[in-house]
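Biologist: Please choose one part of this model and take me through it closely, together with what surrounds it. I would like to know how far the prediction can be relied on as you go.

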Amino acid sequence: MPLDTLNVDPEAFFRVERSGQPLVVYECKLEGVPCGMFVEGTTSAVSAHLRGHGITGPDSASTNCLWAGCSKALKRGGMTRHILTHLGVKVRCSVCGVVKCRLDILRAHIRSSELCRLACVDTVHGPEGRFLVPTGWTTTHQV
């Protein structure tokens with residue numbers, strides 16, 4: 001079976017190689033000139049990727065989403081968070097299992113729930129996520 005080759009940010013590739021642990025990446029579907037890159041589904045990675053596409057400016061500036069099939073009007077400061085919804089990335093409370101679409105909403109849940117005060121945040125990967133695995137990994141490794 002042939003392995004897929006994913007075009008990822010070199011920083012993500014080196015992080016996977018150094019840690020020996022896989023990470024989940026998503027295909028960039030920003031309209032315009034397709035970059036063919038796969039980006040990690042984190043706030044920092046998506047934000048850096050948007051800057052690479054030239055999507056910059058004041059957080060308060062109005063803009064439209066450039067994701068394929070979306071033209072929602074929003075503030076530049078909310079673009080990264082909005083793109084994460086396109087990727088389907090969510091977060092889950094490690095204690096009660098509640099799933100939220102945004103980290104700030106889950107943190108509010110954790111702060112307000114006596115039961116969940118010591119909870120960790122688990123990432124729920126989107127349906128189109130692809131595993132980027134370290135070189136030399138075999139099917140005997142489990143995620």
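Modeller: What follows is a close look at one helix, the space beside it and the charged pairs elsewhere in the chain.

This is a predicted model, in which local features need pLDDT of at least 70 and side-chain atom pairs count only at pLDDT 80 or more, while totals for chains, interfaces and linings use all residues. Residues are numbered from 1 along each chain as its sequence is written, and side-chain values use heavy atoms, with hydrogens and water left out. The chain averages a pLDDT (the predictor's confidence in each residue, from 0 to 100) of 89, and 93% of the residues score at least 70. Confidence is lowest in helix α1 (residues 10-19), at a mean of 88, and highest in strand β5 (residues 90-93), at 97; helices (H or I, at least four residues) and strands (E, at least two) are DSSP runs, numbered from the N terminus.

The part I have chosen is helix α2, which spans residues 43-52. Within α2, the residues Ala 45, Val 46, Ser 47, His 49 and Leu 50 are buried, meaning under 20% relative accessible area, where exposed is over 50% and partly exposed lies in between (1.4 Å probe, protein chains only). An α-helix has 3.6 residues a turn, so residues three or four places apart point the same way. The buried residues of α2 pack against β2 (38-40) and α3 (79-87), contact being counted when heavy atoms are within 4.5 Å. After α2 comes Gly 54, whose phi is positive, near 85 degrees.

Three residues of α2 also help to line the largest cavity, and α2 gives the most to that lining. A cavity is a set of points, on a 1 Å grid over the protein atoms alone, where a 1.4 Å probe fits but cannot get out, and lining residues have an atom within 4 Å of a point. A search of the whole structure finds one cavity of 30 Å³ or more, and about 50 Å³ of space lies in the largest cavity, a volume being the space filled by probe spheres set on grid points that are joined across faces, edges and corners. The lining is made up of Leu 30, Val 39, Val 46, His 49, Leu 50, Trp 67, Ile 83 and Leu 87, and α2 and α3 each supply at least two of its residues. By class, the lining has seven nonpolar residues, one polar and no charged, where Ala, Val, Leu, Ile, Met, Phe, Trp, Tyr, Cys and Pro count as nonpolar, Asp, Glu, Lys and Arg as charged, and the others, Gly among them, as polar.

Strand β2, against which α2 packs, also takes part in a charged pair. Arg 15 forms a salt bridge with Glu 40, with the closest N and O atoms 2.1 Å apart. Arg 15 lies in helix α1 and Glu 40 in strand β2, so this pair ties together parts that are 25 residues apart in sequence. Arg 15 is partly exposed, at 31% relative accessible area, whereas Glu 40 counts as buried at 15%. A network of salt bridges links Glu 11, Arg 15 and Glu 40. The count for the model comes to five salt bridges, each a side-chain nitrogen of Lys or Arg within 4 Å of a carboxyl oxygen of Asp or Glu.

Notes. 1 Å grid on protein atoms, 1.4 Å probe; cavity = no way out; pocket = protein on both sides within 12 Å on 5 of 7 lines; lining within 4 Å.
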